[in-house]
Amino acid sequence: MVNTSPAPWKKPEIIFVAGHDPFPTYIKKFSLRMTDCYGCVPPHIEEEETSSDTEVREGSDVSLRCVAKGSPDPETTWRREDGQEITIGRKKVTSIKSTNLNITKVGRLQMGAYLCIASNGVQPSVSKRIVLNVNFPPMIWIPSQLVGAPVGTDVTLACNLESFPQSVTYWNRESGTMVLTNDKYNSVLLNKGLYKVTMQLTIRNLKPEDFGAYTCVAKNSLGETEGTIRLYGKSNLE
């Protein structure tokens, strides 16, 4: 049986000759570009067989798949869009050549956008961006659990928060009353990254009744947590 399908080929140079005797006449010799290829097809990504944006729970295993076709067969390379290394087990690499990107016990540090790049020497190469979101309940840690400030001054309390999806956040007084933003209080969220924020509560013109415990609270679909800061009065001389 004869295979009649086109077969790709590459050749660095071609020589044209004339004549059929044992010593043909040399006419022309020229080089081809390495990208010249007869029957070649540039790579394309098969969307139906390739992963879309993916969301998983922290600690689970995840597999991202990227299927590319072309002629010659494309090579698939995975990279992180932000240039960070990819953690595979105990190894850290800048890129991985594979159809599948398998991550075991995925953590929040592996969250982000991944690029699947397909190339086969025929231009153009193609890529697909796949976002990996890692869900986990909120976690709070407090830089200073005891804060002192004099009467009549302003003070800012802070709680550092990690969570995904994003948490609903608020502050409570010791009595359980929710602190609302007004002329006395100003509550803000400072974005520190994909899943990190700092909760800040500024209390203006401190009075003795403002001293006591303040609790920062964070909730998302996976859980709830809180942290407490105790605010006390001190003299201007301290």
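Let's start with a term: strands here are DSSP runs of E at least two residues long, numbered from the N terminus, and two of them pair if DSSP finds at least two bridges between them. Keep in mind as you look around that this is a predicted model.

With that in hand, find Arg173, which stands opposite Tyr214 in strand 20. Arg173 sits at the end of strand 16, which covers residues 168-173. Strand 16 pairs with strand 20 (residues 212-220) in the antiparallel sense, and six bridges hold the pairing. Strands of a sheet pair through backbone hydrogen bonds, either parallel or antiparallel.

Now step back to the sheet these two belong to. It is open, has five strands with mixed pairing, and reads 14-21-20-16-17 in order. Strand 14 (146-149) and strand 17 (178-179) stand at the edges with a single partner strand each, so one side of each has no neighbour in the sheet.

Further along the chain you'll come to a hairpin made by strand 18 and strand 19, with four residues between them. In its turn, Gly193 has a positive phi of about 155°. Strand 18 takes in residues 185-191 and strand 19 residues 196-203; the two run antiparallel, joined by seven bridges. To see them face each other, look for Leu189, which stands opposite Met199 in strand 19.

Finally, have a look at the empty space. The largest pocket holds about 160 Å³. Its lining is made up of Arg80, Asp82, Gln84, Glu85, Thr87, Lys92, Leu109 and Gln110. Sorted by class, that lining comes to four charged residues, three polar and one nonpolar.

Technical notes: Residues are numbered from 1 along each chain as its sequence is written. This is a predicted model: local features need pLDDT of at least 70, side-chain atom pairs count only at pLDDT 80 or more; totals for chains, interfaces and linings use all residues. Side-chain values use heavy atoms; hydrogens and water are left out. On a 1 Å grid over the protein atoms alone, a cavity is a set of points where a 1.4 Å probe fits but cannot get out, and a pocket is an open set with protein on both sides within 12 Å along at least five of seven lines; lining residues have an atom within 4 Å of a point. Grid points are joined across faces, edges and corners, and a volume is the space filled by probe spheres set on the points. Ala, Val, Leu, Ile, Met, Phe, Trp, Tyr, Cys and Pro count as nonpolar, Asp, Glu, Lys and Arg as charged, and the others, Gly among them, as polar.
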